[in-house]
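Student: I have a structure to go through. Could we discuss it region by region?
Tutor: Certainly; please display it and begin wherever you wish.

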Amino acid sequence: ARPFAEGVAPVEIDGRWGFIDTGGAVAITPEFTDADRFGAGLAPVQLGDHWGYIDHDARLVIEPRFMYACSFSESLARVFVWGDELFGYIDGSGELIIAPFSDNVGDFSEGLAVATIDGMCGYIDRTGSVVIAPRFEYAGQFAEGLAPVCLDGTVGYIDRGGEFAIPTMFDDGEA
């Protein structure tokens with residue numbers, strides 16, 4: 001079972017994934033190889049080797065054509081694209097908004113997403129432009145205007161401009 005979102009949770013029953021409602025009743029019949037939580041009215045589901053997206057009525061909205069697909073966050077979803085074998089981002093219609101460019105990216109939070117470029121973490125905006133240069137060993141999502149980052153083995157918090165609001169002084173941190 002995975003967390004609830006939009007009133008349902010993905011669950012595995014007899015080796016297939018579907019969704020239950022908050023009362024525990026099956027809301028979407030378990031017929032998928034895998035599934036993740038809803039976001040923006042759509043949920044990523046795996047059919048065979050490919051991932052696509054369904055709506056709350058279990059209608060396939062975005063055809064399964066990705067190696068891996070993630071839940072929508074701030075109206076964009078991370079997808080791992082066959083052939084490129086890199087992550088990019090799609091919108092709710094399935095259109096590629098940010099072309100595949102990295103093997104490790106995060107969900108959008110407060111308009112920014114973590115992106116690993118040449119082995120270091122930085123942040124991109126919704127156009128795919130790098131807005132905080134990749135210089136961190138680890139970087140987490142923004143929350144309340146700050147994001148945890150690791151530099152030289154210690155963790156601190158940066159603001160949306162990439163400046164340290166809380167200097168690196170902690171042993172560990174999470175987004």
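**Strand, sheet and cysteines**

Tutor: Val-131 has a relative accessible area of 39%, so this residue counts as partly exposed. Please bear in mind that the model is a predicted one.

Student: Where is the place of Val-131?
Tutor: Val-131 belongs to strand β13.

Student: Which residues does Val-131 touch, not counting those up to four places away in sequence?
Tutor: With those set aside, Val-131 touches Leu-112, Tyr-123, Ile-124 and Asp-125.

Student: And how far apart in space are Val-131 and Arg-160?
Tutor: Their C-alpha atoms lie 8.8 Å apart, while 29 residues separate Val-131 from Arg-160 in sequence.

Student: Back to the strand. In what order do the strands of the open sheet come?
Tutor: The order is β11-β12-β13, three strands with antiparallel pairing. Strands β11 (113-117) and β13 (130-136) each have a single partner strand and stand at the edges, so one side of each has no neighbour in the sheet. From one strand to the next, the twist averages 30°.

Student: What holds strands of a sheet together in pairs?
Tutor: In general, strands pair through backbone hydrogen bonds, in a parallel or an antiparallel manner.

Student: How many bridges join β11 to β12?
Tutor: Five bridges link β11 with β12 (residues 120-124), and these two strands run antiparallel. To take one residue, Ile-117 has Met-120 in β12 as its bridge partner.

Student: Changing topic: how many disulfides does the structure hold?
Tutor: It holds zero disulfides.

Student: Why is there no bond for Cys-70?
Tutor: The closest cysteine sulfur, that of Cys-121, is 16 Å from the sulfur of Cys-70, which is too far for a bond.

Student: And what about the sulfur of Cys-150?
Tutor: For Cys-150 the closest cysteine sulfur is also in Cys-121, at 9.4 Å, and this too is too far for a bond. The cut-off for a disulfide is 2.5 Å between the sulfur atoms.

Student: Are Cys-70 and Cys-150 buried or exposed?
Tutor: Cys-70 counts as buried because its relative accessibility is 3%. Cys-150 counts as buried at 12% relative accessibility.

Student: One last residue. Where is the place of Asp-36?
Tutor: Asp-36 sits in the loop between β4 (34-35) and β5 (43-47).

Student: Which side chain of opposite charge is nearest to Asp-36?
Tutor: That is Arg-37, 4.8 Å away; Asp-36 is buried yet has no salt bridge. The cut-off for a salt bridge is 4 Å, so the pair does not qualify.

Student: Which residues is Asp-36 in contact with, leaving aside neighbours within four places in sequence?
Tutor: Asp-36 is in contact with Arg-2, Pro-10, Phe-19, Ala-43, Pro-44 and Ser-71.

Technical notes: Residues are numbered from 1 along each chain as its sequence is written. This is a predicted model: local features need pLDDT of at least 70, side-chain atom pairs count only at pLDDT 80 or more; totals for chains, interfaces and linings use all residues. Side-chain values use heavy atoms; hydrogens and water are left out. Buried means under 20% relative accessible area, exposed over 50%, partly exposed in between (1.4 Å probe, protein chains only). Two strands pair if DSSP finds at least two bridges between them. Helices (H or I, at least four residues) and strands (E, at least two) are DSSP runs, numbered from the N terminus. Axes are lines fitted to C-alpha atoms, for helices over the stretch in contact, and angles run from 0 to 180 degrees between N-to-C directions. Contact means heavy atoms within 4.5 Å. Lys and Arg count as positive and Asp and Glu as negative; His and the chain ends are not counted.
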